[in-house]
Amino acid sequence: MELSNGHSSQIRGWLIVANDRFELSQVGPDSCILRAQALVPAGVAQVTIDVDGRSTTSAVCICNKTSGPSRLVNFEPVDETCSLAEDQA
């Protein structure tokens, strides 16, 4: 029986919003941290995580614009409470 240590060999992630793609260093349930500071606009976005070549994508809503470039981006899942999802549909 072969045992795995539970570590993946390659994990990458991106935040894609308004045709821009930002590389992630961390992602959580309601925020992510970008590898480099950026001015990320409010709107509907996608968080894409690639683990060993398998990608998963989640739609998120960035509801408030930051006052300047930042590495931290807060978001909410896209659902009926996200008014920006209707605006961009």
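**Close-up views of a predicted model**

From the N terminus on, the elements of the protein chain follow the order β-β-β-β-β-β-β-α.

**Figure 1. Overall composition of the protein chain in the predicted model.** The chain contains 1 helix and 7 strands. Of its 89 residues, 28% are buried. The surface that the protein chain exposes amounts to about 6300 Å², of which carbon and sulfur atoms supply 47%. When contacts between residues at least 6 apart in sequence are considered, 50% of them join residues at least 24 apart.

**Figure 2. The open sheet and its edge strands.** An open sheet is formed by 7 strands, arranged in the order β6-β3-β2-β1-β4-β5-β7. The pairing within this sheet is antiparallel. Strands β6 and β7 (76-77) are the edge strands, and each of them pairs on one side only. In the sheet order, β1 stands between β2 and β4.

**Figure 3. Pairing of strands β1 and β2.** Strand β1 comprises residues 11-17, and strand β2 comprises residues 20-27. These two strands pair in the antiparallel sense over 4 bridges. Within this view, V17 stands opposite D20 in β2.

**Figure 4. The surroundings of T48 in strand β4.** Strand β4 spans residues 43-51 and includes T48. The relative accessible area of T48 is 10%; because this value is under 20%, T48 is classed as buried. A polar contact of 3.1 Å joins the side chain of T48 to the side chain of T57. With neighbours within four places in sequence left aside, the residues in contact with T48 include R12, G13, W14 and I16. S55, T56 and T57 are also in contact with T48. T57 thus appears in this view both as a contact of T48 and as its polar partner through the side chain.

**Figure 5. The surroundings of S70 in strand β6.** S70 lies in strand β6, which covers residues 70-74. This strand is one of the edge strands of the sheet, and β3 follows it in the sheet order. Although S70 and A38 are 32 residues apart in sequence, their C-alpha atoms are 5.5 Å apart in space. A38 is also among the residues that S70 touches, when residues up to four places away in sequence are not counted. The other residues touched by S70 on this basis are L34, A36 and Q37.

Notes
Residues numbered from 1 in each chain as written. Predicted model: local features only at pLDDT ≥ 70, side-chain atom pairs only at ≥ 80, totals over all residues. Heavy atoms only, no water. Buried < 20%, exposed > 50% of the residue type's maximum accessible area, 1.4 Å probe, protein only. Polar contact = N/O pair within 3.5 Å; in protein donor to acceptor, adjacent residues only side chain to side chain. Contact = heavy atoms within 4.5 Å. Areas by Shrake-Rupley, 256 points an atom, 1.4 Å probe, with all protein chains shown as cover. Pairing = 2+ DSSP bridges.
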